[in-house]
Amino acid sequence: MESSDSGSLHSLRELNRRRVVDALRDRGTASRAEIARVTGLSRSTVSSIVADLMASGLVSEQEVMGVAHGDQGGRPPVPLSLNKSAGVAVGVDFGHTHLRVAAADLSHDILAEAGHELDVDHSAADGLDAAAKLVGEVLAEAGVDRDRVIGVGMGLPGPINHLTGAVGSSAILPGWVGIDAAAEMSRRLGLAVQVENDANLGALAEFVWGSGQGHAELIYIKLSSGVGAGLLLGGRLYRGAGGTAGEIGHTPAQESGAICRCGMRGCLETVASARAIAELLGRSRGEPVSTPRLLELAGDGDAAAGKLIGEAGREIGITIASLCNLINPSLVIVGGDLSAAGETITEPIGETIRRYSIPSAADEVRVVSGVLGERAELLGALALVLHSSDRFVSRPAAGVAA
């Protein structure tokens, strides 16, 4: 019983410590009294946790300019902030044809960023080698030693089994299936690595930095070469039992439709992905049409491009309407390549949700475009580390990266 009580107290201490860190992260600077107010913790608890955080170098006091505070005089409240120099997070984003890497400090400031094109058919080994090399270059550019890195977040366009760490079935990155990408990258870098599905990272990034701020229940739809969704429930990513939650691209849309790359027929991805829409437009024009060209034509008012994007939005809206009935989100964020289409894609999604969702769910939800563009997944990889690192909870030994 004593051991159980001790464990419960330790867990409560960790939770409270994270709440204090989150308050400082969200507000930038705050006094001990302000932290107590926003977290609901007692001032004595906040003071004790702050003392621990300062001792570990994660929090520092800011200089106070001015005179005494209040009518009764006395010392003004001392503002606190996360110590930017206490650690650095690294984000890695693998896409269909690209690789991006960035480093950020504990205040979410980007220190360095780089990227290059990647062969769509690259092997896992080649991709991981390229990423490890780029991580080294980014850290060098930022002037950061590896012992200051608190963790690496990595995004992949495929399902991740969080029980085994293996990449699940993915027609986008077939060379990665069954690979424990986190372990392989960790071996190359000598750093702790977390791997997450790219749509989940898009959801996390928009929640932390973008249009999802303040919305703890949201759906992020990534519309690019495929169609996927990231689900945020109670401010936390929902992955499902095997990591495949949000794979809406492979839900049925047209029973007798085209064969999908997953092997099934008529999947949503075959009618609503950027690639599928561009191919349909290309057939009508008698010439190849790329996704950038599709968006350019839609922006210029091309009727066919606008119609195809709108039809895709309605197909997507049917699937999202069911999700709205199930999880009752306050926000649906459209990300990926097609987010650049703006209201041409968001309006038909919203109209279809209102048509097919129950009124109580439809009344609660708004549909908006993401604001982070092609950097969403990279920023999400950084947020994955900054918002989950044990460095903020436990007390690492001096000079040891958690």
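**Figure 1. Strands β9 and β10 pair in this predicted model.** Strand β9 covers residues 227-233 and is joined to β10 by three bridges. The two strands run antiparallel. Within this pairing, Leu 231 stands opposite Tyr 238, a residue of β10.

**Figure 2. Five strands build an open sheet.** The strand order is β10-β9-β8-β11-β12, and the pairing is mixed. At the edges lie β10 (236-238) and β12 (366-369), each of which pairs on one side only. From one strand to the next, the twist averages 25°. Helix α11, formed by residues 343-356, lies across β8 (218-223), β11 (331-335) and β12. The helix runs at about 165° to β12.

**Figure 3. Asn 200 is a buried residue of helix α6.** Helix α6 comprises residues 198-208, and Asn 200 lies within this helix. The relative accessible area of Asn 200 is 2%; this value is under 20%, so the residue counts as buried. When neighbours within four places in sequence are left aside, Asn 200 is in contact with Ala 229, Gly 230, Leu 231, Leu 237 and Arg 239. One of these contacts, Leu 231, also appears in Figure 1, where Leu 231 stands opposite Tyr 238.

**Figure 4. Arg 100 and Glu 374 form a salt bridge.** Side chains of opposite charge can pair when their charged atoms come close. Here the closest N and O atoms of Arg 100 and Glu 374 are 3.4 Å apart. Arg 100 belongs to strand β4 (residues 98-105), whereas Glu 374 lies in the loop between β12 and α13 (376-386), so the salt bridge ties together parts that are 274 residues apart in sequence. Are the two partners buried or exposed? Arg 100 is buried, with a relative accessible area of 15%. Glu 374, in contrast, is exposed, at 57% relative accessibility.

**Figure 5. Glu 113 and Arg 375 form a salt bridge.** The closest N and O atoms of this pair are 2.8 Å apart. Glu 113 is part of strand β5 (residues 110-117), and Arg 375 is found in the loop between β12 and α13. The pair thereby links distant parts of the chain, 262 residues apart. Glu 113 is partly exposed, with a relative accessible area of 31%. Arg 375 is likewise partly exposed, at 30% relative accessibility.

**Figure 6. Further salt bridges include a pair and a network.** The side chains of Arg 285 and Glu 287 meet in a salt bridge, with a distance of 3.2 Å from N to O. Arg 285 has a relative accessible area of 33% and is partly exposed. Glu 287 is also partly exposed, at 35% relative accessibility. A network of salt bridges links Asp 129, Glu 184, Arg 187 and Arg 188. In total, the structure holds 16 salt bridges.

**Figure 7. The close-up views belong to a chain of 402 residues.** The secondary structure of the chain consists of 13 helices and 12 strands. Buried residues account for 49% of the chain. Of the contacts between residues at least 6 apart in sequence, 62% join residues at least 24 apart. The accessible surface comes to about 18,200 Å², and 50% of this surface belongs to carbon and sulfur atoms.

Methods:
Residues numbered from 1 in each chain as written. Predicted model: local features only at pLDDT ≥ 70, side-chain atom pairs only at ≥ 80, totals over all residues. Heavy atoms only, no water. Pairing = 2+ DSSP bridges. Helix = DSSP H or I, 4+ residues; strand = E, 2+ residues; numbered from the N terminus. Axes fitted to C-alpha atoms, helices over the stretch in contact; angles between N-to-C directions. Contact = heavy atoms within 4.5 Å. Salt bridge = Lys/Arg side-chain N within 4 Å of Asp/Glu carboxyl O. Buried < 20%, exposed > 50% of the residue type's maximum accessible area, 1.4 Å probe, protein only. Areas by Shrake-Rupley, 256 points an atom, 1.4 Å probe, with all protein chains shown as cover.
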